[in-house]
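Please open the structure in your viewer and keep the selection tool at hand. The stops below proceed from the whole chain to single residues.

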Amino acid sequence: MSIGGRERFRLNETGASGIPLAPGGAPVVGHLPGLARGRAVFLQGLRGCGDVVEMRLGRRSFYVLNAPEAIHDVLVTQSGRFSKGMLFDRVRPYIGNGLASSDGPFHLRQRRALQPAFHRERVARYSEMFTEVAGARVGGWQAKRRMDMSQEMRELAVAMLMPTLFPFAEGSETGRAIEDLGARVSGDLGVLVRGVLRATILPPALAVLPTPARRRFLTSAAALRRLAESAVRQARGNPESHGVLALMLAYEGGMSDEEACDELLTFLVAGVETTATTLSWALHALARDPGMADRMSEEARAAEPGVVTPAVLPYTARFVQEVLRLYQPLWFMGRRALQTVRVGRYEIPRGAEVVYSAATLHRDPAHFPDPLRFDPDRWLARPEKSLPRGAYLPFGAGNRKCIGDGFAWAEMLAALSAVTRRWHLHPAPGHRVRAVADAQIHPDALPMSVTPRAAG
Ligand code: HEM
């Protein structure tokens, strides 16, 4: 499946900074129509235009980074000269100033406070719980019933994340409480994440028009904040509480209720849709190639239950790595230059927004031969370590790299093992899966049914 053709634009102009200007811009609106027609496709089309390319959205210039070296430079080498930029300015009123949206010393402090919750040993403990949760949910599927796998994966991602975040005491009503919450959170999160994209891309005046979508977005944002506030209250009043929230509150120097709430919302927004979308694409790829599913099933059945590490599940790990490459859900990420910065041979002006697309990067034939072919074994021939820096960035890089990368890996390995241990997947006949780029690149719908694998 392709989200982008191999179309290359012809360059004929440069902007004031000497940086090549993307062709096809119209007066006043600039490249907005092109981007609106096909977001990921538009950015992919710019790849051949240069290491850095200027695009104009209305009157604003955005500098698109195409070369891995330029991206590495911005994310890692010169990270101190950039802030998170416009996307997060627009997101902040809704999810607060959490880890993903904050900057500078405050971000550093929060990152230090939260890092212990994502240490390797802790993630190893979570992964036993992920296996249990995934086994229970996937084990409850009914053979031959049509299911929307995108929705299933979103609910599963919520079900795996919630118990690690929230402060319920072990046992008693915990499971049911989390399930009830999970069902509500899953619906609200989808609305919130899509609304955040609209709030980011549309000009501010249009973004706040009281459309039904805007109203749904505000209602969901308020519901999630109320949920976070009540969780913080419960955790404060309960010395027995555990989970990431308890760790945050116990952090030396403490976190205010508002800060803890912002972090909870950030984890929900950053951690659910990303994992769920990647898992959806994984199931899509598995359903299209039963041979790969059989290989993963054998591997999962040979492994000790609950042990879901790349070392124990090497084929599954290569498969996930390939899903994160070809079906990378994040079609753009951004930064803002805090000062004039030289990137390669160009000067990015102070205050300018720079963007890059991991989805585009991961389809560059220079680093991934036959890039549109889904082939987990390409990682045997060319392991990640052998790629140039900045060429493969499913979780970003530098001081803003995804704090949940190990966590997401553990969730995905647990979920895919749970599915392939038990089920064959069958795409619904007659539905051709299309990639849609809104907040992320996700399947338009993923109708499937399952049939049980022979016991083994
Ligand atoms: C497949 C799943 C995931 C993908 C592809 C993904 C991708 C990313 C990327 C690319 C970034 C960097 C953004 C930037 O440079 O501006 C990021 C940051 C972040 N992610 Fe993830 N993520 C995933 C899962 C998770 C999970 C499960 C959690 C939490 C449990 C999480 C929490 C965060 C947070 C808090 C940040 C901000 C970190 C900071 O700025 O210090 N992510 N993620």
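Begin by selecting Ala250, which counts as partly exposed because 14 C-beta neighbours lie inside 10 Å; a residue needs 20 or more such neighbours to be buried and 12 or fewer to be exposed. Ala250 belongs to helix α11, residues 244-250. Now add Gly25 to the selection: the two residues are 225 positions apart along the chain, and their C-alpha atoms are separated by 52 Å. Please bear in mind throughout that the model is predicted.

**The whole chain**

Next, display the complete protein chain as a cartoon. It contains 18 helices and 12 strands. Of its 456 residues, 47% are buried. Among the contacts with a separation of 6 or more, 74% join residues 24 or more positions apart.

**Helix α12**

Select residues 257-271, which form helix α12. This helix has 15 residues and reaches 21 Å from its first C-alpha to its last, close to the 21 Å expected at 1.5 Å a residue. Is α12 mostly covered or uncovered? It is mostly covered, since 13 of its 15 residues are buried.

Within α12, pick out Ala270. Ala270 is buried, because 20 other C-beta atoms lie within 10 Å. Which residues does Ala270 contact, leaving aside its neighbours within four places in sequence? They are Ala100 and Gly404. To move on, measure from Ala270 to Val320: the two are 50 residues apart in sequence, and their C-alpha atoms are 19 Å apart in space.

**The crossing of α15 and α18**

Val320 is one of the residues of α15 that touch α18. Select α15 (314-326) and α18 (405-422) together. Their axes come within 10 Å and cross at roughly 115°, and the crossing is right-handed. On the α15 side, the contact is made by Thr316, Ala317 and Val320. On the α18 side, Trp409, Met412, Leu413, Leu416 and Ser417 take part. By class, this contact has 6 nonpolar residues, 2 polar residues and no charged residues.

**Helix α14**

Now select residues 290-302, helix α14. Its 13 residues reach 18 Å from the first C-alpha to the last, close to the 18 Å expected at 1.5 Å a residue. Colour its buried residues, which are Met292, Ala293, Met296, Ser297, Glu299 and Ala300. Why do these buried residues line one face of the helix? Seen down the axis of α14, they fall within an arc of 165°, so they line one face. A general rule helps in reading such a view: an α-helix has 3.6 residues a turn, so residues three or four places apart point the same way.

Turn to the other side of α14, where Gly291 and Ala302 are exposed. Then show the partners of the buried residues of α14: they pack against α13 (273-288), α15, α18 and β9 (423-427).

**Two loop residues**

Finally, visit two loops. Select Lys144, in the loop between α6 (120-139) and β4 (147-148). Its phi is near 65°, a positive value in a residue other than glycine. Lys144 counts as exposed because it has 9 C-beta neighbours inside 10 Å.

The last selection is Asp370, in the loop between α16 (358-361) and α17 (378-381). The phi of Asp370 is near 50°, a positive value in a residue other than glycine. With 8 C-beta neighbours inside 10 Å, Asp370 counts as exposed.

Technical notes: Residues are numbered from 1 along each chain as its sequence is written. This is a predicted model: local features need pLDDT of at least 70, side-chain atom pairs count only at pLDDT 80 or more; totals for chains, interfaces and linings use all residues. Helices (H or I, at least four residues) and strands (E, at least two) are DSSP runs, numbered from the N terminus. The expected span of a helix is 1.5 Å times one less than its number of residues. The arc is that of the directions from the helix axis to the C-beta atoms. Two residues are in contact if their C-beta atoms, placed from the backbone, lie within 7 Å. Axes are lines fitted to C-alpha atoms, for helices over the stretch in contact, and angles run from 0 to 180 degrees between N-to-C directions. A crossing is left-handed if the near helix is turned anticlockwise from the far one by less than a right angle, and right-handed if clockwise. Ala, Val, Leu, Ile, Met, Phe, Trp, Tyr, Cys and Pro count as nonpolar, Asp, Glu, Lys and Arg as charged, and the others, Gly among them, as polar.
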